[in-house]
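What follows is a walk through one protein structure, taken in parts. Begin by looking over the sequence and the coordinates.

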Amino acid sequence: MIEFKGVSMGYATAEGRVDILEDASFHVTEGETVAIVGPSGSGKTTLLLLLSGLERPEQGQIQLDGQDLADLSTDSLADWRRDHMGIIFQSFHLLPGLSALGNVQVPLEIARAANSGSRSRAMLDAVGLSHRVDHFPRQLSGGEQQRVAIARALVHQPRLILGDEPTGNLDRQSGKRVLDLLFELNEQAGSTLILVTHDDQVAERCQRVLRLQDGQLKED
Ligand code: ADP
Ligand code: MG
């Protein structure tokens with residue numbers, strides 16, 4: 001499903017160039033659960049941005065379903081994400097002017113899906129937030145915001161779920177609850193999970209652990 005071939009990526013900054021990925025390659029088969037671990041600043045978020053097509057690599061190839069991302073326009077990539085991908089961003093990216101329910105409904109409304117209200121309520125319930133449906137992001141704790149972001153990423157039942165430290169703001173119990181939900185989607189719907197994490201609880205449950213070190217990915 002995913003193929004990274006010789007991918008290099010860095011950023012130019014005021015202090016000079018930062019190399020993040022250097023000739024990184026790996027591949028993920030549909031339905032697999034993969035943890036990506038590595039120290040802070042090693043490039044985990046960058047890797048997910050590349051995978052989602054929100055950033056383009058400087059060198060190398062990234063393929064999704066055999067299609068080279070470089071051959072897709074920004075619009076077709078956006079369509080692919082809408083139809084197949086759920087992204088849990090490290091900093092949530094909730095829309096401040098919408099309630100929890102409104103935020104979760106966004107992907108369904110963009111896809112003009114039926115029953116967006118009831119499906120979104122059910123997903124908020126699944127992450128333990130049925131009592132916070134009408135709250136706005138500023139009225140929610142960090143952990144609650146993270147669970148809204150998770151509900152929004154999962155509500156349209158994506159085939160590919162990318163999570164950037166999805167339990168990073170959660171206590172062990174809420175963390176377990178969202179992990180149960182993610183792994184249930186994997187088992188029941190065959191969704192592929194790629195989870196960037198520092199949390200042993202997450203890595204232990206994934207079939208594969210890829211370690212990001214010195215710009216390369218090594219399988220544990
Ligand atoms: P991680 O998620 O593993 O903590 P990131 O992918 O966020 O790491 O960042 C890897 C490195 O790249 C960090 O040193 C970070 O400061 C740098 N970096 C990330 N994004 C940018 C950017 N847009 N411009 C410049 N440097 C960046
Ligand atoms: Mg990060």
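The structure is a predicted model. A convenient place to start is the contact between Arg-159 and Asp-65, whose side chains form a salt bridge with an N to O distance of 3.0 Å. Arg-159 sits in the loop between helix H5 (142-154) and strand E7 (160-164), and Asp-65 sits in the loop between strand E4 (59-64) and strand E5 (67-68), so the bridge ties together parts that are 94 residues apart in sequence. Neither partner reaches the 50% above which a residue counts as exposed. Arg-159 has a relative accessible area of 24% and is partly exposed; Asp-65, at 39%, is also classed as partly exposed.

This pair belongs to a wider set of charged contacts. How many salt bridges does a search of the whole structure find? The count is twelve. One of the others joins the side chains of Arg-208 and Glu-219, with an N to O distance of 2.8 Å. Arg-208 belongs to strand E9 (residues 208-213) and Glu-219 to strand E10 (residues 216-219), so this contact ties together parts that are eleven residues apart in sequence. Is Arg-208 buried or exposed? With a relative accessible area of 14%, Arg-208 is buried, because the cut-off for that class is under 20%. Its partner Glu-219 is partly exposed, at 45%.

A further salt bridge links the side chains of Arg-82 and Asp-83, at 3.0 Å from N to O. Both ends are partly exposed: Arg-82 has a relative accessibility of 33%, and Asp-83 has one of 39%. Elsewhere, Arg-17, Asp-19 and Glu-58 are connected in a network of salt bridges.

From the loop that holds Arg-159, the next element to consider is strand E7. How many of the residues of E7 are buried? Five of its five residues are, and the strand is described as mostly covered. The cover extends to both faces of E7: Leu-160, Leu-162 and Asp-164 are buried on one side, and Ile-161 and Gly-163 are buried on the other.

The pairing of E7 involves two other strands. With strand E6 (residues 85-88), E7 pairs in the parallel sense over four bridges. Within that pairing, Met-85 has Leu-160 of E7 as its bridge partner. With strand E8 (residues 192-196), E7 also runs parallel, and five bridges join the two. Here Leu-162 is matched with Ile-194 of E8. Between these two strands, the chain leaves E7, passes through helix H6 (residues 172-189) and arrives at E8, making a right-handed β-α-β crossover.

The last stop is the metal site. Which residues coordinate the magnesium ion (ligand 2)? Thr-45, through OG1, and Gln-90, through OE1, do so at 2.0 to 2.4 Å. Thr-45 lies in helix H1 (residues 44-51), whereas Gln-90 lies in the loop between E6 and helix H3 (100-110), so the pair ties together parts that are 45 residues apart in sequence. Thr-45 is partly exposed, with a relative accessible area of 32%. Gln-90 is likewise partly exposed, at 39% relative accessibility. The loop of Gln-90 follows on from E6, the strand that pairs with E7.

Technical notes:
Residues are numbered from 1 along each chain as its sequence is written. Chains are lettered from A and ligands numbered from 1 in the order in which they are written. This is a predicted model: local features need pLDDT of at least 70, side-chain atom pairs count only at pLDDT 80 or more; totals for chains, interfaces and linings use all residues. Side-chain values use heavy atoms; hydrogens and water are left out. A salt bridge is a side-chain nitrogen of Lys or Arg within 4 Å of a carboxyl oxygen of Asp or Glu. Buried means under 20% relative accessible area, exposed over 50%, partly exposed in between (1.4 Å probe, protein chains only). Two strands pair if DSSP finds at least two bridges between them. A crossover is right-handed if, with the strands pointing away from the viewer, the path from the first strand over the helix to the second runs clockwise. Donors are N, O and S atoms within 2.8 Å of the metal (3.2 Å for Na, K and Ca); water is not among the atoms, so sites may look incomplete.
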